[in-house]
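Student: I'd like to go through this model with you and ask how each label is earned. Can we start once it's on screen?

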Amino acid sequence: MHSKVDLLSPWSETEKEVINSLSTDSRSGLSLKDIQKKHEQFGPNLISVKKKASRWILFFKQFKNPVVYILMLASLIAFVLKEYLDAWTILSIVILNSIIGYLQEAKSETSLEALASLTSPKSRVLRNGVTTLIDSKDVYPGDILILEAGDYVAADARIILANQLGSDESILTGESLPVDKNTTTLSKSVPLGERSNMLYASTMISKGSGRAVVTQTGKDTEIGLISQMMETTKPGSTPLQLRLEGVSRRLIFLGIIIVVVIIAIGIFQKTDAVIIIMSALSLSVSAIPEGLPTVVTLALVMAIHRMSTKKALVRKLDAVETLGATDIICTDKTGTLTTGKMKVRESYIYQTQKEHHYNGLAFCNNASLDHGGSGDTTELALLEYMADEKVDIHKLKESGHRLFEWSFESIRKLMSVAVQIEDHCYIYVKGAPESVLSKSLINEDDKKEVYKHINLFSQKGMRVLALAFKEIQNEKVSGLSQEEAEEGLTFVSLVAMADPPRPESSEAIRKCLDAGIRVIMITGDHPKTAEAIAKELNIIDEKRNLVLTGTQMDELSDIELLSQIEKIAVYARVSPSNKLRLVNVLKGLGHVVAMTGDGVNDAPALKASSIGVAMGRGGTEVARQAASIVLTDDNFSSIVDAVEEGRAVNGNIKRSLQYLLSTNLAELLFILGAVIIGWQVPLLPTNILWVNLVTDGLPALALATEKVPYGYLANSSRPSSKSFFNLAFYMELFLVAILITVFCISLYYYSLGRYDLLTSRNIAFSFLVYVVLFRSFASRSETLTFWEMPFNRPHLVAVLLPLLFQLGIQKSDFLMGLFKIKALPLNISLQLILIATIPVTLVELFKIWRRK
Ligand code: ATP
């Protein structure tokens, strides 16, 4: 139950009053005991609790399906014709079918839910005195939120600590510019957009850092009040699912036409009405690919599951398909292609300013070496460097205190602090060397000398940081703007740190090249550094060897950019807006672009790309929520693995589909052929249902979830809407169907001449079961024969079970009665099994011939 805290206008009260009335503590947050109570009092921090479809609804949903309608009709007709056994059998099959459908759907729903919870929004809060990362839904009034740029605010909260804090409240107020935040108490009447000491749920921290105490959660938040309908929308159908729905509709239409034709032939041939109706129904059942939706969903869900074991969490179902079609991967350098473990290798101190060098590196730094080290890897490397140089960092830090911080931003590429050391006040600025030098007063000759060092370090692939400082009068510190702080500086030093490529990156890039996927490096780092790493990883080669900086890119018109785009391998010193522009240009050229991002400002580029890839470790929450996949290890090679899975799932679905359709077509042609010739119907509705639901259903599922074989990416082609249902797809489908039909018709003809009708029907039925089961071996790969493929146990079980069952039912009079057939002796069954291996062998030999 939600009951309101007695705090209707927390902005008009002091931090202390708010904290007291929420019975919390600004230094330790809520205690474990409080949390239980708060949970009972307020419930989860959700705007709307998504009602889960009840299990019964899910079960009855299975009946909403054309196959079921036809089967119900068939059962009804059987009742009317007093064919009670048939009627009950068909009804039982309908129920069995619904149970299987229900189980599969329930399974995919639970595994999707489990995966979704892995990427659900998270918040950092203070609990029991410890900073803890929790699901945002578990935030309660009284919780102390710990916020920094790139976080989403989980609930409405009163700010108690603000450090250059700013938030983007456009979702709530429509105001697109970020608003500055502080802790000053305001008057009660201040409107929402001007409450500078409040943060609101669903808004985003755009800069700085701070703490805030939660005042309202869930439905009681401002965003919750405005829109009670902000439900997380259920993902719609993926493009492939939509395409398949189209195929299904066409097949059903085809089925209806064939039924009409059969009835016409029957009337013309004056066949018995019962037989006409039954054959028509059998045919319509065989025309409908009832297994399709299940196969597609399960294939996608299993692929998502496999991707998660390969460190890529998929947030949207349709991302799986798009991943497979990706032909350009735009990737960050630092931490993604490289290890991100920095180590300072070189330094250059200008005019022996050692003291400011160490002061600057220590104070203009938010990392800490305590507890094994924490904070930004670049800043951590600086502290480790000082420790190696035997600098007593603790003592140094105690010698002064920080007054102010202007946080690092990837657009400015600078971070600055104001520090009080004894009676002096200093500004220390560190950042990208060009940015620091452009704000420093330094003569041209010295500048040249410094640039010589920068180039030297960068060419070795090292990331270079520059440091500068200035002293200011104590009274001028308060009210100093960032622009004022970062001007007229004295240049101090350079530090260069190595960040070597990850060992697995070059293999992953080679895989991409083999598979026709282009890799583009996009980095905030120096062009020379980027170029050195790109060369080492073969991202730069003879054909693509240009390095473009963000500034150069800004100077190019779209047309000029387009004329060079194929040759550009590296974009250096880019800003988030450069990224966005690049995505749009590449997409405009028809490319399917995967783009990585981790910062606050990367969200637009991630959203605009075909596949946004966020970093799970180093990235911000904003980037994660904007992306379609999140990498849990921030590693480039995980993207490549995910693309490989994406391609494989397309292949799996395609082959599984082809398998199902060729079986259905063979049944259709067989029955149609027999009826046209004037024979008795060879397969009865129950037989066909058995083949469609059990015999080919199990192998189809096994095919749909086939694991990716080693080296798959290089040998696969990029799937597209054109390549899915292409000529080759239909050719193989028809050829296999015709091959099976020819075998079926010949055998049926042979048996009709030797045995009675019921035995002949069993021969046709059993043969069809065997041939369809064996045929699935050929469907495991488009190019490889099954003996060249790795062993697949689920598939083997999916073939063996129905095979043994088919042999087993020959021993049961009851089942023989149900299927309306006469049992076959074992030797005939074995002969049929032997003959049934011929079509699959022919298909595999054809593959080998085609390869040659
Ligand atoms: P990528 O986009 O490949 O991850 P990156 O991490 O190098 O690249 P940014 O984080 O935007 O990109 O950094 C750009 C530049 O800013 C760096 O080359 C460095 O010179 C400077 N820089 C990085 N981190 C800091 C920091 N904490 N303080 C000051 N300057 C920094």
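Tutor: Sure, and keep in mind that the model is predicted. One term up front: pLDDT is the predictor's confidence in each residue, from 0 to 100, and a contact means heavy atoms within 4.5 Å.

Student: What makes residues 229–235 a stretch with pLDDT under 50?

Tutor: pLDDT stays under 50 over residues 229–235, and the model has 7 contacts for them beyond four places in sequence. Residues 1–5 also stay under 50, with 18 such contacts.

Student: And what is the mean pLDDT of the chain?

Tutor: The mean is 87, and 95% of the residues reach 70 or more.

Student: Why is the space lined by Ile509 and Arg544 called a cavity?

Tutor: Because a 1.4 Å probe fits there but cannot get out, it counts as a cavity. This one is the largest cavity, with about 60 Å³ of space. Its lining includes Ile509, Leu513, Arg518 and Val519. Helix H18 (503–514) and strand S16 (518–522) are the elements that give two or more residues to that lining.

Student: How do you know which classes line the largest cavity?

Tutor: Asp and Arg count as charged, so Arg518, Asp541 and Arg544 go there. The lining comes to 4 nonpolar, 1 polar and 3 charged residues.

Student: What lines the second largest cavity?

Tutor: Arg655, Gln658, Glu732, Ala778, Ser779, Ser781 and Glu782 do. By class that is 1 nonpolar, 3 polar and 3 charged, around a volume of about 40 Å³.

Conventions: Residues are numbered from 1 along each chain as its sequence is written. This is a predicted model: local features need pLDDT of at least 70, side-chain atom pairs count only at pLDDT 80 or more; totals for chains, interfaces and linings use all residues. Side-chain values use heavy atoms; hydrogens and water are left out. On a 1 Å grid over the protein atoms alone, a cavity is a set of points where a 1.4 Å probe fits but cannot get out, and a pocket is an open set with protein on both sides within 12 Å along at least five of seven lines; lining residues have an atom within 4 Å of a point. Grid points are joined across faces, edges and corners, and a volume is the space filled by probe spheres set on the points. Helices (H or I, at least four residues) and strands (E, at least two) are DSSP runs, numbered from the N terminus.
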